[in-house]
Amino acid sequence: MYELTICHLYPDLLNLYGDRGNIIALTKRCEWRGIQVRVKQVSLNDPFRPDEFDILFIGGGQDYEQSIIQDDLQKGKRDAVREAVESGRVILAVCGGLQLLGRYYRTHDGKDIECIGAVDLWTHGGQERLIGNLVFECEFLKNEHFDGLVAGFENHSGKTWLGPGVKPMGRVLKGFGLNGEDGFEGAIYRNTYCTYTHGSLLPKNPALTDHLITLALRNRYPGFESLEPLNDAFESAARDAVIKRLMGKNSSR
Amino acid sequence: MLRFRAAILTAKLAIVILRLFRSGGTSLPGKLAQRLYPQILDHLSGLFRITMITGTNGKTTTSRIVASMMEQKGLKVVANKSGANLASGITTTLISALTPGGRPRVTHALLETDEAAFRTMAPRLKPETVIVTNFFRDQLDRFGELHTTVNNVREGIAKIPGAVLILNADDSLCASLGRNVPNRVIYFGMKEGVYPEGNASINSDAAFCIQCKSRYEYSSVTFGHLGHFICPSCGYGRPHTHVECTGILSYDNLGSTIEVSGPDMDITVKLALPGLYNIYNALAGASFGLALGLDGNGITAALTGFECGFGRMETVHINDRELKMILVKNPTGFNQVLRYLLTQEEPCVTAFAINDRLADGTDISWLWDVDFEILALMDDRIRAYYVSGIRAEDMAVRLKYAGISPDRVILEKDYHQLIQKALQKTGAGETFYILPTYTAMLDIRKILKKRFGLKEFWQ
Ligand SMILES: [Zn+2]
């Protein structure tokens, strides 16, 4: 029997936009296949080691909560997160989590806030909010049965740019994405996936969820090949509804 | 003065015309008046003794309880309809309470105000009393961050030092509004341990001290972040209350019997308002009653004679069956509605109608912060789960991942069909619960009005 440990970092502080949904999706899709899952919550002052989980989730928080974790993260957990990223652990970082993993966040009045520098990306705060539903196309998810489209919702004022070693997750078809300028959304570095698509990202995009679970199982069980498929009728309907609406077909409004 | 008269007359004409066309438009007359006379609100507010009600949840019910207190005291009052809580809607409301000559027909005004608009509205309305119900995370795409909302209200209060503040002591965010201000403050809350069930949620909206960012310690929790909190590092804690619920004698899906204590007051009240929420709303109302000079008997009478559903619940009777519609708009409110459903012992049918228009919040990811998992406790009593609204598909996914079997979840986007099919599934004497977001509620209500004679909520 397969087992996975999912770690939710600062679940009581970085839990802004239904981030819990991503943990629920990972857990359920494992359980439905008989994979045993343990969810570990790690918050302020809790010890954190880079080898004690298979999947790490980092969500976004409000400014107030983000300011609370700053010290704990920089002094207590930064090196462990960096090591986890470099060693190829599976990590999903959403919105504020994406920004935290980067090198720095420059506020719109020019102050640089040091981030943990685990991924070569950086963010400049803007004054307008990039907000709304979005659809982006991920090459790594495409196969003969799947178009690679991921649907979700973004709400951020920071604009993020990627360094040369980091690949975007996909090409934006509708919405803003990383910065609203270069047409890309998300970042991939080793097995770390960063995105501005929050809340119901994984529940509505089971192909991405299964991709992350597969990577985690391969890390832990080197012979592992692929997951058995599930009935995703509901998930596909929810994803397709957003895509249809944004791409202008059969708009329901 | 001439401009004031002209603005009043124009707005009144608009109100009459809108009524002729049976349109519920509540903001247009106010907008017209503002255009003709930009300072109209400041002028109008001088003509009434004003109470403002703000906060995330419970504004509407609290308004109605407060109105009942005023009636008990024999006062004449005008109140705004929920939904008309921005400047234009409030202007319309106040104008509607004037004679064509511009004289007020009532002495008091009771104005429910959007939290985001409070900062600018408070100094213009110059209220005598302000009631703040609570602060919870709500439609971040519209309101922004929770601390910003709290600080907006704080800035508004700083401009009205003479107003009496009625604040929820159990809410660390709300209670903080009463610190270091010259205002007279009346705090209400639940006595420690009165409600034994609660425990602090990992998804709390305010787990960390608003003063020093340390984690609060709780000796008792009612729901969300409400309870007896204390910051171990700076000492900020739940303030002493003036009006307190000291006992819950009974509690079911129709209401509760509670004991309330205050200065010279020890009463037992039977509330025809189900849900814990409404106990808080009743306490806010009782606090207002005390400030108004009512005694225990008067407050008891005002609370007892008061009947309305859970939060914003509306009931229609259709052939031996009951249809109950309860508005849902944010995670804490939704969780309370689900807990209320759990008190339902008979089989029932449920429908969730989720829209993502501007007034609902365009981001529906908050559904993942709602504890639908607790529905498992009554899964055997729910005959079917309907999902509807623009985001019906997302709601279906949410239920599936909450452990509800997908073959029990039925997608029906047409509200006529939804109501018809669901009522067919509802047995005689049973209830069909519809839980819609705001704009879905408006659409469904239109159908209920036409087909089943549902009355306007406020009347
Ligand atoms: Zn403190």
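In this predicted model, helix α1 of chain A, spanning residues 20-31, lies across the strands β1 (3-9), β2, β3 and β4 of chain A, and its direction runs at about 175° to that of β1(A). A further helix of chain A, α5 (residues 206-220), lies across β1, β3, β4 and β12 (192-195), and here the angle to β1(A) is about 120°.

The strands that these helices cross belong to an open sheet of six strands in chain A, which follow one another in the order β2-β1-β3-β4-β12-β11 and pair in a mixed fashion. The edges are formed by β2 (36-42) and β11 (187-189) of chain A, each of which pairs on one side only, and from one strand to the next the twist averages 15°. Strands of a sheet pair through backbone hydrogen bonds, either parallel or antiparallel. Within this sheet, β3 (residues 55-58) and β4 (residues 90-94) of chain A pair in the parallel sense over four bridges, and F57(A) stands opposite L92(A) in β4(A).

Chain B carries the metal site, where the zinc ion is coordinated by the SG atoms of C209(B), C212(B), C231(B) and C234(B) at 2.2 to 2.3 Å. The arrangement is tetrahedral because the four donor atoms subtend angles of 99 to 116° around the zinc ion; for comparison, the ideal angle for four tetrahedral donors is 109.5 degrees. Along the chain, the donors follow the spacing C-x2-C-x18-C-x2-C. C212(B) lies in the loop between β6 (185-190) and β7 (217-221) of chain B, while C234(B) lies in the loop between β8 (227-230) and β9 (243-251) of chain B, so this pair ties together parts that are 22 residues apart in sequence. C212(B) is partly exposed, with a relative accessible area of 29%, and C234(B) is likewise partly exposed, with a value of 39%.

What, then, is the count of disulfides over all chains? The count comes to zero, when a disulfide is taken as a pair of cysteine sulfur atoms within 2.5 Å. A disulfide is a covalent bond between the sulfur atoms of two cysteines. In the case of C115(A), the closest cysteine sulfur is that of C194(A), and because the separation is 12 Å, it is too far for a bond. C115(A) also counts as buried, because its relative accessibility is 7% and the limit for a buried residue is under 20%.

Conventions
Residues are numbered from 1 along each chain as its sequence is written. Chains are lettered from A and ligands numbered from 1 in the order in which they are written. This is a predicted model: local features need pLDDT of at least 70, side-chain atom pairs count only at pLDDT 80 or more; totals for chains, interfaces and linings use all residues. Side-chain values use heavy atoms; hydrogens and water are left out. Two strands pair if DSSP finds at least two bridges between them. Helices (H or I, at least four residues) and strands (E, at least two) are DSSP runs, numbered from the N terminus. Axes are lines fitted to C-alpha atoms, for helices over the stretch in contact, and angles run from 0 to 180 degrees between N-to-C directions. Contact means heavy atoms within 4.5 Å. Donors are N, O and S atoms within 2.8 Å of the metal (3.2 Å for Na, K and Ca); water is not among the atoms, so sites may look incomplete. Four donors count as tetrahedral if all angles lie between 85 and 135 degrees; four count as square planar and six as octahedral if opposite donors are over 155 degrees apart and all others between 65 and 115; anything else is irregular. Buried means under 20% relative accessible area, exposed over 50%, partly exposed in between (1.4 Å probe, protein chains only).
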